[in-house]
Amino acid sequence: NPTNSQMEVNTMLERVDCRAKGGSPGFKVAILGAAGGIGQPLAMLMKMNPLVSVLHLYDVVNCPGVTADISHMDTGAVVRGFLGQQELEAALTGMELIIIPAGVPRKPGMTRDDLFNINAGIVKTLCEGIAKCCPNAIVNLISNPVNSTVPIAAEVFKRAGTYDPKKLLGVTMLDVVRANTFVAEVLGLDPREVDVPVVGGHAGATILPLLSQVKPPCSFTPDETEYLTKRIQDGGTEVVQAKAGAGSATLSMAYAAVKYADACLRGLRGDAGVVECAFVASQVTELPFFATKVRLGRTGAEEVYQLGPLNEYERVGLEKAKKELATSIQKGISFIKK
Ligand code: NAI
């Protein structure tokens, strides 16, 4: 028989459940890989987001601790934790936005592609769960190599018959966040005033900042263009080296993930003019996936924008990016088809 205090706890949990079910305004969001370096600060920031009513935290380790900790924050979202594969379905059921930072990060000397073998399998399993339990949810995929994991997710959803290209978004927001920061430094501006489109993909040469389209309008010398392009492309490696074996970007990534998730939720709510870059199914180039600016709405990526006018430096970069991207996309597709 439950003790009195156990009964009190049960009553309280029922009340929390009621609040979650009672349609308090907001969206139901799940984070898969919530106990990781990105997952923890991401969970904290999403708990602070007023657009979130229910927050499910899922991981294969350490999730109860993170959940208990985050759940004490006196913000609106109701937090629930889920541990291990046997709880994946419960974590996903009813969710409207799924954010995936599950997987291993880079160590010095590794490329994002070196993560492929481990992360491809993790993303496949998680997406099979999504197809089964919340096929209409928007998916924000962070796990690297994004250039391959997004095609993997698409193939899993196609096989399950649930694929909606508008709902699958590879998160490249950190490249935009870095670009805004580094360009603002060169221009002597506040980064909040700067908007740099970053297109292509999310790895090395596939990351293509369009410095000719920076807002506010400005111009760069060839040296500045070279410096900025390289620094934006190598931003991830800069952090990997500084962390010296302790992983890759987590805090700036959590910030970028929340900036992106918040844009998706504003789109779902029906806000007009929500536009951010993401790696999506695309007809902008001959490749099946490409990152460009995307308008987010009630059904996900409702409009994929064209590249706009490029200068010669960017045209050369684009050709290089496309070559590398084609290989990474094919690698993802083959992983599922083989
Ligand atoms: P981490 O190792 O600190 O955390 C990963 C978490 O995923 C761990 O808690 C682990 O238990 C969990 N996990 C592993 N297998 C899982 C499974 N089957 N289901 C659910 N959770 C599982 O790694 P970190 O630093 O948080 O990075 C996560 C991923 O994000 C890496 O693949 C990394 O390369 C990527 N990343 C992507 C960026 C982007 O811009 N898209 C930027 C930075 C990192």
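1. Let's begin with the ligand. Of all the elements, helix 5, running over residues 116–133, gives the most to the shell around the ligand, with four residues. Bear in mind that this is a predicted model. The shell counts 33 residues altogether, and the closest to the ligand are G33, G36, G37, A102 and N144. By type, the shell splits into 18 nonpolar residues, 13 polar ones and just two charged.

2. N144 deserves a second look. Besides being among the closest residues to the ligand, N144 is joined to P145 by a cis peptide bond, with omega about -5°. P145 sits in the loop that runs from strand 5 (138–141) to helix 6 (146–160). So if you're checking the backbone around the ligand, here is a spot to look at.

3. Now for H202. The UniProt entry, which is unreviewed, lists H202 under "active site". On the chain, H202 falls in the loop between strand 7 (198–200) and strand 8 (207–209). Is H202 buried or exposed? H202 has 27 C-beta neighbours inside 10 Å, and the cut-off for buried is 20 or more, so H202 counts as buried.

4. What does H202 touch, once its neighbours within four places in sequence are set aside? The contacts are V146, N147, G170, T172, D175, I207 and F279. Two of these can be placed from the element boundaries: V146 is where helix 6 starts, and I207 is where strand 8 starts.

5. Stepping back to the overall fold, the protein has 11 helices and 11 strands. Its radius of gyration is 20 Å, close to the 20 Å that the globule rule gives for 338 residues, so the protein is as compact as a globular protein of that length. Along the principal axes, the C-alpha trace spans about 75 × 50 × 40 Å. Of contacts between residues at least 6 apart in sequence, 69% join residues at least 24 apart.

6. On to the interior. Buried residues account for 47% of the 338 in the protein. The largest nonpolar core holds 103 residues, and L57, L97, I98, A153 and A257 have the most contacts inside it. Helix 10 (residues 251–269) is the top contributor to this core, giving 10 residues. As a rule, nonpolar side chains in soluble globular proteins tend to be buried together.

7. Take A153 as an example from that core. Not counting residues up to four places away in sequence, A153 touches V123, C127, V139, L141 and L168. A153 itself lies in helix 6 (146–160). Among its partners, V123 and C127 belong to helix 5 (116–133), while V139 and L141 belong to strand 5 (138–141).

8. There is a further cis peptide bond to check, between K215 and P216, with omega about 0°. P216 is in the loop between strand 8 and helix 8 (222–233).

9. Finally, a pair of backbone angles. N62 has a positive phi of about 55° although it isn't a glycine, and N62 lies in the loop between strand 2 (52–59) and helix 3 (63–71). With 15 C-beta neighbours inside 10 Å, N62 counts as partly exposed. A244, also not a glycine, has a positive phi near 50°. A244 is in the loop between helix 9 (235–243) and helix 10. How buried or exposed is A244? Because A244 has 9 other C-beta atoms within 10 Å, and 12 or fewer means exposed, A244 is exposed.

Methods: Residues numbered from 1 in each chain as written. Predicted model: local features only at pLDDT ≥ 70, side-chain atom pairs only at ≥ 80, totals over all residues. Near = placed C-beta within 6 Å. Helix = DSSP H or I, 4+ residues; strand = E, 2+ residues; numbered from the N terminus. Nonpolar A, V, L, I, M, F, W, Y, C, P; charged D, E, K, R; others polar. UniProt positions renumbered as here; feature names shortened; annotations may be inferred. Contact = placed C-beta atoms within 7 Å. Rg over C-alpha atoms; globule rule 2.2 N^0.38 Å. Core = buried A, V, L, I, M, F, W, Y, C linked by C-beta atoms within 7 Å.
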